[in-house]
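Here are some questions about how the terms used for this model are justified.

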Amino acid sequence: MSYLSPKEFLERYAAAGTAKTQKSAGKLLALSLLAGALIALGCAATNTAVHGMENVGLARTVSGLLFPSGLCMVIVTGAELFTGNSLLALSLLEKKCTLPGLLRNWGIVYLGNFLGALFVAAGCVWFGQLNYSAGGLAVYTIRLAAGKCGISFLNGFGLGIFCNLLVCLGVLLALSATDGAGRLMGAFIPVSYFVLCGFEHCVANMYYVSAGLLAVRNPHYLQLAQAAGVDLSALTVRGFLLGSLLPVTLGNVLGGAGLGALLWYAHLKKD
């Protein structure tokens with residue numbers, strides 16, 4: 001068969017949690033840097049593709065077709081992504097890992113994802129990638145970042161839950177396939193849904209908002225954004241950390257861990 005049953009792929013993920021939580025800090029950091037950079041590159045690609053589109057539905061659809069490639073690359077390379085690792089709750093329930101090991105993995109991977117995304121954001125801003133359309137891409141990047149910082153705590157939390165339900169479902173669907181094409185398709189479809197709907201992903205926001213914050217430090221980009229009427233009041237480091245990253249991260253953890261717990265109860269828990 002070209003796919004595994006739910007019980008089979010859940011058991012595989014639970015067992016993989018042992019290795020994930022026992023991996024050395026150096027390897028975890030390296031693989032999480034890679035994952036953060038790959039997701040950020042997907043974000044940069046979608047911004048570039050849609051920054052000149054006025055039709056919102058078309059722009060979301062194009063983004064939904066491009067962004068999932070980032071998760072596909074994460075899965076193929078074995079990189080460590082914080083949102084996907086929310087499923088380690090499944091390993092914890094199966095007693096394949098310990099709570100300290102889980103929290104250690106989450107902490108190192110979150111830091112590594114942030115640094116990887118920041119690296120790409122800085123490169124795009126400093127090396128002129130945002131110069132597309134005479135700086136129109138820079139204006140779009142700044143406007144998007146300001147909007148993400150201006151979202152309410154409750155909205156960020158709720159949209160974060162829905163986002164990571166789909167991301168973790170993509171991870172599990174990829175694991176259910178036994179061939180390369182099936183793995184990529186399994187990861188692609190759920191992630192395209194979350195992008196299309198505009199749900200919130202903390203690692204993606206590490207790129208989106210960091211790029212916006214760095215772009216406004218460029219006088220030319222700042223002048224273009226002000227001339228375009230972009231409201232910059234929410235685009236601050238505090239707005240990023242407390243207004244965007246915190247609620248979205250909490251929502252992502254609940255969405256991923258909740259999905260893992262639900263599937264564990266349905267397929268693995270002994271009656």
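Q: What makes Glu11 partly exposed?

A: Glu11 has a relative accessible area of 36%, and partly exposed is the class between buried (under 20%) and exposed (over 50%), with a 1.4 Å probe and protein chains only, so Glu11 is placed in that class. This is a predicted model, in which local features need pLDDT of at least 70 and side-chain atom pairs count only at pLDDT 80 or more, while totals for chains, interfaces and linings use all residues. Residues are numbered from 1 along each chain as its sequence is written, and side-chain values use heavy atoms, with hydrogens and water left out.

Q: Why is the contact between Glu11 and Lys7 called a salt bridge?

A: The closest N and O atoms of Glu11 and Lys7 are 2.5 Å apart, and the rule asks for a side-chain nitrogen of Lys or Arg within 4 Å of a carboxyl oxygen of Asp or Glu, so the pair qualifies. Glu11 and Lys7 are 4 residues apart in helix H1 (residues 6–22), which separates them by about one helical turn; helices here are DSSP runs (H or I, at least four residues), numbered from the N terminus.

Q: How do you know that Glu200 and Lys148 form a salt bridge, and are these residues buried or exposed?

A: Their side chains meet at 3.2 Å, N to O, so the distance criterion is satisfied. Glu200, at 6% relative accessibility, counts as buried, and Lys148, at 11%, counts as buried too.

Note on methods. Helix = DSSP H or I, 4+ residues; strand = E, 2+ residues; numbered from the N terminus.
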